[in-house]
Amino acid sequence: MYAVVVICRFMEAPTSTHMKAAKRILRYLKGTLDFGLFYSSSNEFKLVGFCDNDFARDDDRKSTTGFVFFMGGCAFTWSSKKQAIVTLSTCEAEYVAATSCTCQAIWLRRLLKEFNMNQEESTKIHIDNKSAQILAKNSVFHERSKHIDTRYHFIRECIVKKEVELVHVKTQDQVADIFTKPLKSQNSCPRRNETLSINNEIHAMTLWKKTESLYVSKYGNNELFFLNSIEFNVQKKTFPFQIA
């Protein structure tokens, strides 16, 4: 998604370089036609968010905000967008990104309430910057935060009301990282698989018969593979499925 967002910024006056980038994205899509989001029936309506940013990567030194929300173990809404202001540190950039993610979380909580799926607990938003987490909980303005626009301090009010909660997550476990920067394959593939709820063991699976469709879902340590009346082998074990 990050690559699509970047080339969209040059739609007004594209060049041959942008065309090459667009073709590469299309080649990637052609090679991953079997990938997709699998939404299974679930009684788990807990809203969970991941938020990240890429500090001052663009030529105008503005950072990129990326976030994704999960419900029932699957992603259902996400965003990748350049920040409107130039931030002075990674802490400030992460703080601004967390505020944008909080605004989306509040809107989702109100939307779910209309569907009688009230979020009784605070919505956890996972970030990988402890300084931003501390800044959001500190109501005292000091030299590192007094220059930040007032609207970005909206997150503090939401934390006090216990509508959202910032939770620290390790950088290697930050799912939203894929929405903010280009990653190497060894880093991007795990992020992609976590977002799409894809189990890595699917690549080691040996099919005994051909099938038209394959859907994968993961619940904790239990992997469920659904095929159209097919037997397949996972870790040298054969599992028959008869799907109506």
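This report describes salt bridges and one helix packing in a predicted model.

**Salt bridges**

The structure contains eight salt bridges in total, and three of them are set out in the table, including two that share Lys82.

| Salt bridge | N to O distance |
|---|---|
| Lys82 and Asp58 | 3.7 Å |
| Asp60 and Lys82 | 3.1 Å |
| Lys161 and Glu157 | 3.0 Å |

In the bridge between the side chains of Lys82 and Asp58, the nitrogen and oxygen are 3.7 Å apart. Lys82 belongs to strand β3 (residues 74-82), while Asp58 sits in the loop between β1 (47-54) and β2 (64-71), so this pair ties together parts of the chain that are 24 residues apart in sequence. With regard to solvent, Lys82 has a relative accessibility of 28% and is therefore classed as partly exposed, whereas Asp58, with a relative accessible area of 13%, is buried.

The side chain of Lys82 also meets that of Asp60 in a salt bridge, at 3.1 Å from N to O. This pair, too, links distant parts of the chain, with Asp60 in the loop between β1 and β2 and Lys82 in strand β3, 22 residues apart. Asp60 has a relative accessible area of 34%, which means that this residue counts as partly exposed. Both bridges are part of a wider arrangement, in that Arg9, Asp58, Asp60 and Lys82 are linked in a network of salt bridges.

Elsewhere, Lys161 forms a salt bridge with Glu157, and the closest N and O atoms of this pair are 3.0 Å apart. Glu157 is partly exposed, at 41% relative accessibility.

**Packing of α3 and α4**

Two packed helices are described by the angle between their axes and by the distance between those axes. For helix α3 (residues 90-114) and helix α4 (residues 130-137), the angle is about 60 degrees and the axes are 8 Å apart, so α3 is oblique to α4. The crossing in which α3 passes α4 is right-handed. On the α3 side the contact is made by Cys91, Glu94 and Tyr95, and on the α4 side by Ser131, Ala132, Leu135 and Ala136. Sorted by character, the residues of this contact comprise five nonpolar, one polar and one charged.

Taken together, the description covers a salt-bridge network that includes Lys82 and Arg9, and an oblique packing of α3 against α4.

Note on methods
Residues numbered from 1 in each chain as written. Predicted model: local features only at pLDDT ≥ 70, side-chain atom pairs only at ≥ 80, totals over all residues. Heavy atoms only, no water. Salt bridge = Lys/Arg side-chain N within 4 Å of Asp/Glu carboxyl O. Helix = DSSP H or I, 4+ residues; strand = E, 2+ residues; numbered from the N terminus. Buried < 20%, exposed > 50% of the residue type's maximum accessible area, 1.4 Å probe, protein only. Axes fitted to C-alpha atoms, helices over the stretch in contact; angles between N-to-C directions. Parallel < 35°, antiparallel > 145°, perpendicular 65-115°, else oblique. Left-handed = near helix turned anticlockwise from the far one by under 90°. Contact = heavy atoms within 4.5 Å. Nonpolar A, V, L, I, M, F, W, Y, C, P; charged D, E, K, R; others polar.
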